[in-house]
Every structure is written in structure tokens, then in C-alpha cells.
Amino acid sequence: MKTQLLSAQCSTDLTQAAELLKAGEQVAVPTETVYGLAADASNPDAVAGIFTAKGRPANHPLIVHLGDVASITEWATPIPDEAYKLANAFWPGPMTLLLPRAEHVSPVVTGGLDTIGLRVPAQPVLLDLLATHQLAVAAPSANPYKKLSPTTAEQVMHGLGGKIAAVIDGGPCQHGLESTIVDLTKRPFRVLRAGPITVSELSAVLGETVDAPEQHDSVVPGNVGSHYQPNTRLQMVAADLSDLPAPHPEKRAALLHFGEAPTRDDLVCIAMPDDAARYGQALYHQLAQADQLGVDEIWLAQPPHGEAWLAVHDRLRRAVS
């Protein structure tokens, strides 16, 4: 299969992408979080093709992306009032609501579960595509299973080229990390995957405390022990670089660091932003860049802690070898 590279700036290309989706094909799309591998969520065979292309187990649920808030009634029931409070505050945006699935929704989409993840993305091209063509798409990250989530069309082509019908190039993603997943199926409400929307922001809108357990057994996208991994071995080092492995005459490493870089012939140094939002946007991209350097290992300086950094630490905990 030849994968077409389509432009988000070309209306003809976007119409072609919509036609491919309606024909049951898989198309990678830009979102404000990461690039997603989309298929018509109402077509179980098309959705099954996502799992085949990614090499993803079929019992892993997918997130359905909608063109507007009103569409959630077509996919979930019952819908608590709190869902609309959060939707009105954060949609379009990087928040996924976990709700009871409507009876007609295929278990292929939900990984056999009775719940469904829904969100309205904030990427303008994708949002227009969904609304204009009356589409809802199931779309996990557009990467081979357990590998780095792509934040550019080039990364999608590198990982899935030849396995899917097309990629829409919408430029780099705004956030660079996957959406926050909020479980509204039982109280207390819980964040099941940290993301750009924080627990404090969710709690403020709802007027009640939203939990964020460090460990849980809920099956949601991205919740596996090893995930978001570069092909090159990744390990964490101290933020002040005090515990860097000693130089090796036959090995090279890439170092993702803060502040001044050490001067060593065996290191390729990559400076990282020092605030959480820009760091999150850069993380997957810089890991992908380091992965292409032909080094033996990637070393990453420990990021700061705090609520704003929870999503970063969640991803790194799964990515470190």
C-alpha cells in the first residue's frame, strides 16, 4: 500500500481524506495532542484496521473524536450533568471523558468494555473535517504499538508508511502529549491518564475533588507498563547530571538536559525547555530525533515534579527501559 501525504491547507486533500474515511480506510490526522490514526467509528471493520496497522491488541479501547459536544448523546448513555460542565469548559481541547457506552456502539471501538472515551479535539483542521463531513473517528496515536507517539506527519510516515491509506500533514502538534482521561462512570471522579488538563482545573470546574490515583487497574488508552518508547534504550539520569555514566571509548549517547551541557566527545546534547507545557510539546519530538542519531543509549535528565509535570512523568515512567 502506498500511503498518500495530504496537506491540511488543501481543501481538495481534506475532502479526499473524508472520502477515504467513509470508505473504511485508515487516515492519520493531526490533533492538538499527538497525531491520531483515524477510522470511521461507526464502521467496525474500519476500526479493526487500526489495530492491524498499529499491531495493537484488540482488547485495548480507543478514543472517539467528535465534531461537537452535542454528538456525545450518539455514543454514550446515561450522560451525567458533570460531563457537560467539563465539556463546556474544556472542549474543544485535550480532555477525554470516559462514559457508559451507548448500546449500539461496537465493542471493537471500546475493546469489549461497557465504557467509551470521547473528546472534541481543538485542532482546527480536524475539527472542521469532522463537523463538515459529519464524521466521528476512533483515533489512537498514529504509531506502532508501544512506540513513541508522533507529533509530526514525518514521524507518522516513518512508523506507519505503507500500512495506512493517508496522512494529513497539519504541522507540529500544539501539546505533544496525549489527552487527560477523566472517568465519570463512578464517584469519586478520577483522572485515569494525566494530560494537559490538570486535576486542579477539573476540580475547580466541578466544585468537587477529582482523584488522581498513581496506580489503578482501569483499562484505558496508554495504560500499559511499557509504552511511548523510542527504539534506542532510554534511561533517566539526575537533573544536575551528577550521575552520568562514565565515558566509554566505543559507545555514544544522546543526552536530553536542562541548562548548560557537559563537554564530552561521547555525547550528543539536546537542550530541553524548562517549563512543563513546552517540555511536553518537545518530549516525543526530541526523543524521536535522538532515536535517529545512531547512538547506543538516550539519557534524559530528571524533569521537575509538581502537578504541571504529572503527564510528563507518566509517559517517562513507561518509556524508560
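## Two sheets and a pocket: exercises

β9 (residues 180-183) and β10 pair in the antiparallel sense over 3 bridges; strands here are DSSP runs (E, at least two residues), helices are runs of H or I with at least four, both numbered from the N terminus, and two strands count as paired if DSSP finds at least two bridges between them. The model is predicted, so local features need pLDDT of at least 70 and side-chain atom pairs pLDDT 80 or more, while totals for chains, interfaces and linings use all residues. Residues are numbered from 1 along each chain as its sequence is written, and side-chain values use heavy atoms, with hydrogens and water left out.

**Exercise 1.** Find the bridge partner of D183 in β10, then place β10 in its sheet.

*Solution.*
- Step one: D183 is bridged to R190.
- Step two: read the strand order of this open sheet of 10 strands, β1-β8-β2-β3-β7-β4-β6-β5-β9-β10, where the pairing is mixed.
- Step three: β10 (190-193) is an edge strand, as is β1 (4-7), and each pairs on one side only.

**Exercise 2.** Work out which strands helix α1 lies across.

*Solution.*
- Step one: start at α1 (residues 11-22) and look for contacts, meaning heavy atoms within 4.5 Å.
- Step two: you should hit β1, β2 (27-29), β3 (36-40), β7 (137-138) and β8 (166-169).
- Step three: α1 runs at about 130 degrees to β1; axes are lines fitted to C-alpha atoms (for helices, over the stretch in contact), and angles run from 0 to 180 degrees between N-to-C directions.

**Exercise 3.** Why does one side of β11 and of β13 have no neighbour in the sheet?

*Solution.*
- Step one: write out the order of this open sheet of 4 strands, β11-β14-β12-β13, with parallel pairing.
- Step two: β11 (233-237) and β13 (267-271) stand at the edges with a single partner strand each, so one side of each stays free of a neighbour.
- Step three: check a pair inside the sheet: β12 (residues 253-257) and β14 (residues 297-301) are parallel over 4 bridges, and A253 is bridged to E297.
- Step four: add α8, which lies across β11, β12, β13 and β14 and runs at about 160 degrees to β14.

**Exercise 4.** Which helices each supply at least two residues of the lining of the second largest pocket?

*Solution.*
- Step one: α6 (153-160) and α8 (276-291) do.
- Step two: sort the lining into 6 nonpolar, 11 polar and 3 charged residues; Ala, Val, Leu, Ile, Met, Phe, Trp, Tyr, Cys and Pro count as nonpolar, Asp, Glu, Lys and Arg as charged, and the others, Gly among them, as polar. A pocket is an open set of points on a 1 Å grid over the protein atoms alone where a 1.4 Å probe fits, with protein on both sides within 12 Å along at least five of seven lines; lining residues have an atom within 4 Å of a point.
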